[in-house]
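Got the viewer open? Let's take a walk through this one, stop by stop, with something to select at each.

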Amino acid sequence: MKDYKRILVTAALPYANGPVHIGHLAGCYLPADIYVRYQRARKSDIKFVGGSDEHGVPITIRAMKEGITPQEVVDKYHAIIKESLAAMGISFDIYSRTSNRVHHETAAAFFKKLYDEGLFEEKESEQYYDEQAKTFLADRYIVGTCPVCSNPNAYGDQCERCGSSLSPEMLINPHSALSDAIPVKKKTKHWYFPLQQYESWLKEWILDGHKEWKNNVYGQCKSWLDNGLQPRAMTRDSNWGIKVPLPDAEGKVLYVWFDAPIGYISATKELTENWVDYWCKDDTKLVHFIGKDNIVFHCIIFPAMLKAHGNFVLPDNVPANEFLNIEGDKVSTSRNWAVWVHEYLKDFPEQQDVLRYVLCANAPETKDNDFTWKDFQDRNNSELVAIFGNFVNRSLVLMHKLCKGKVPPLHKDSMDEKDAALLKDIADAKTRVEESLEQYKFRDALFEVIDLARKGNKYMQEKEPWIVARRLEENPSAQDLIDNSLHLCLQLTANLAILINPFLPATAKKMLHMLKVVEKMLDWENAGKTNLLSVGYSLREPQLLFRKIEDEEIKQQVEKLKAGLIKPAADTTPAAAAEPVSLKPSIVYDDFARLDLKVGTIVKAEKVEKADKLLKLEVDLGFEIRTIVSGIALHFSAESIVGKQVVVVANLAPRKMRGIESNGMILMAEDKSGKLHFVSPDTAVDNGSGVS
Ligand SMILES: [Zn+2]
């Protein structure tokens, strides 16, 4: 193994068009953080960099839907993501963003160097163009009917209803998502990175040189390399992103997967003026933590770019995780089938460590795994509470009861083989945890920590100091046995604090407080030692490290998850036997004329607390802004409907819902599957326009 002087750890750049969910945490942020905290405790020279990925088509689409600028989209989600990760204890040295100036300069310079060396192939190709909006349309900008399931809103690269992977040519009635115009084919020029030229080098570097990489990572690389690499366009036609730094490149930006990984370099530059040490010196160990969907970019494309550029270190390892499913089903952000980190933090305040524990104990390290709320509860109650927390609590309670609140001495001449075995368990645990962490086997490492606590419980159960205490009157020398067992249990507790610290940092902190020791004790070199707490030192009263999680809390979470699910619109094939249509009794025109219908624009939307179905809307009716409470929260997210024009029953008598006065009603169409759709004018009209 190579001798490294410093370590640089990166964690995948989350895409700034939505918040992070627990799959993101389990996939890369948590393992990266555990590794970094462990290395910091070892006093390694280590930096941990990350940031938001803020370019790319989905951000411009979201901006369009929400009627705001792409910058406003990324500002909003960058803040949410950054806060969620920090609250979960993900301890980046810097969490930056790719819209920063430093990054724009760094990525443009990177591209320019490769260009100046004549590396790129310039190629013209025909792509869809919107003559009305005067812009080329990336796949996501083209909408049409899915040839597979007839969804009228399929994208040029994918149908979100049936999941089919598409190309713009496959769509029926393709039209521009920007202007609705029918797109035409037009020539455009792009710069292609000749990946195929790096194929044999990559084979040697990965397939021969990195056989130690995880099977899932190595296997995916091998299959890419076996299939042969193709030139890949590194530019796109768009106005959102890093401008291609060439004179004849108006309206062209760098491909998001060209610029994003360079973000790791830019972030390091922002962090330290010694960034060159971390990126350019051979004795740096570069480790990329990512999810499996990013393997090709981090193991093949980015290393080839670094190699082509020269002067940069290559990753030593890319310990990618597989996916975490939720309650047996794949995470889907469009269907809202996810456990969002910011919502977890609201529902389980001060319980970050429980989620960290469950996501690590059940990490999808070698295959896709399933997160269930039941498992969350079980692991908390039967492992954190019953094993770890219980051992720590009993050790301290008994020490206060039987040893006057002070660390008792160890009487060597009364030690027995059980005591000796426990000492060995403590020393062995350190070695095992360390070995697993060095190999990125975080589940195994965590298991060893819990196993040590389990051994502590067993030891205490066998020693029964509280039973021994009953014999004290007739046999005062029995105090030696009590002292010994509690002395060892307390030293074991101190070891548990050190070993659990990379995984559950808040828990380790609480333990420090109870043991009245400084943070220095958590230095990794102290693990395995059994003289961490001095004899005669008085300790604080214990506080419980973990609380039991009740069935009711779990039930609520499962219900919340199910209630939030946005069902895919049912397929449009006509039902075999149509249901008979029933109409309400007829009315005269005057009945209808009593309704005052107006067009308005939703200018603000937010969820109503403790009401899963309700959204509180502010609707601009031209002459005033109305508050309307609408029961559409299961069908639309608040963010997705701002800017939408709707038809409002403007003279409906006010009505209080959940304490909020609702002044009007929004017209909705309900399709056969029960999904709601807005009734909107087919082109934008002035707010306040009448409907009749
Ligand atoms: Zn489809």
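Which residues does Ile22 touch, not counting residues up to four places away in sequence? Select Ile22 and look around: it touches Leu324, Val339, Val341, Tyr344, Leu355, Leu359 and Phe371. Keep in mind as you go that this is a predicted model.

**Stop 1: the core**

Ile22 is a good place to start, since with Val9 and Val449 it has the most contacts inside the largest nonpolar core, a set of 138 residues. Now select 478–500, helix H16, which gives this core its largest share, 13 residues. Colour domain 1 (6–119 + 194–321) and domain 3 (375–573) next: both give residues to the core, so it lies between them.

**Stop 2: a covered helix**

Two of the partners of Ile22, Leu355 and Leu359, take you to helix H11, so to speak. Select 352–361: this helix is mostly covered, with 9 of its 10 residues buried. The buried ones are Gln352, Asp353, Val354, Leu355, Arg356, Tyr357, Val358, Leu359 and Cys360. What does the covering include? Show helix H1 (22–41), helix H3 (70–87) and helix H10 (341–347), then add helix H12 (373–402), helix H14 (442–463) and helix H17 (505–515).

**Stop 3: a helix pair**

Keep H14 on screen and add helix H13, residues 417–438. The two pack at an angle of about 170°, with their axes 8 Å apart. Angles over 145 degrees count as roughly antiparallel, and H13 and H14 are therefore roughly antiparallel to each other. For the contact, pick out residues of H13 including Leu422, Ala429 and Val433, and residues of H14 including Ala445, Val449 and Leu452. You have met Val449 already, as one of the residues with the most contacts inside the core.

**Stop 4: the parallel sheet**

Next, find the open sheet of 5 strands, in the order E3-E2-E1-E13-E14, with parallel pairing. Its edge strands are E3 (94–97) and E14 (315–317), each pairing on one side only. Look along the sheet and you can follow the twist, which averages 35° from one strand to the next. For a closer view, select strand E2 (residues 46–52), which 4 bridges join to E3. Ser52 stands opposite Arg97 in E3.

**Stop 5: domain 2**

Now move to 121–190, assigned as domain 2. Its C-alpha centre and that of domain 3 lie 58 Å apart. Select strand E4 (residues 121–130) and strand E9 (residues 184–193): they pair in the antiparallel sense over 9 bridges. Gln127 has Lys186 in E9 as its bridge partner.

What else does E4 pair with? Strand E5 (residues 135–136) is joined to E4 by 2 bridges, again antiparallel, and Tyr129 is bridged to Phe136. E4 and E5 form a hairpin with 4 residues between them. Click Lys134 in the turn, which has a positive phi of about 55°.

**Last stop: domain 4**

Finish with 589–691, domain 4 in the assignment. Strand E17 (residues 597–607) pairs with strand E20 (residues 645–649) in the antiparallel sense over 5 bridges, and Val599 stands opposite Val647. From E20, step across to strand E23 (residues 665–666): 2 bridges join these antiparallel strands, with Ile666 as the bridge partner of Val648.

Conventions:
Residues are numbered from 1 along each chain as its sequence is written. This is a predicted model: local features need pLDDT of at least 70, side-chain atom pairs count only at pLDDT 80 or more; totals for chains, interfaces and linings use all residues. A nonpolar core is a set of buried Ala, Val, Leu, Ile, Met, Phe, Trp, Tyr and Cys residues joined through C-beta atoms within 7 Å. A residue is buried if 20 or more other C-beta atoms lie within 10 Å of its own, exposed if 12 or fewer, and partly exposed in between; C-beta atoms are placed from the backbone. Domain bounds come from an automatic or database domain assignment. Two residues are in contact if their C-beta atoms, placed from the backbone, lie within 7 Å. Two strands pair if DSSP finds at least two bridges between them. Axes are lines fitted to C-alpha atoms, for helices over the stretch in contact, and angles run from 0 to 180 degrees between N-to-C directions. Angles under 35 degrees count as roughly parallel, over 145 as roughly antiparallel, 65 to 115 as roughly perpendicular and the rest as oblique.
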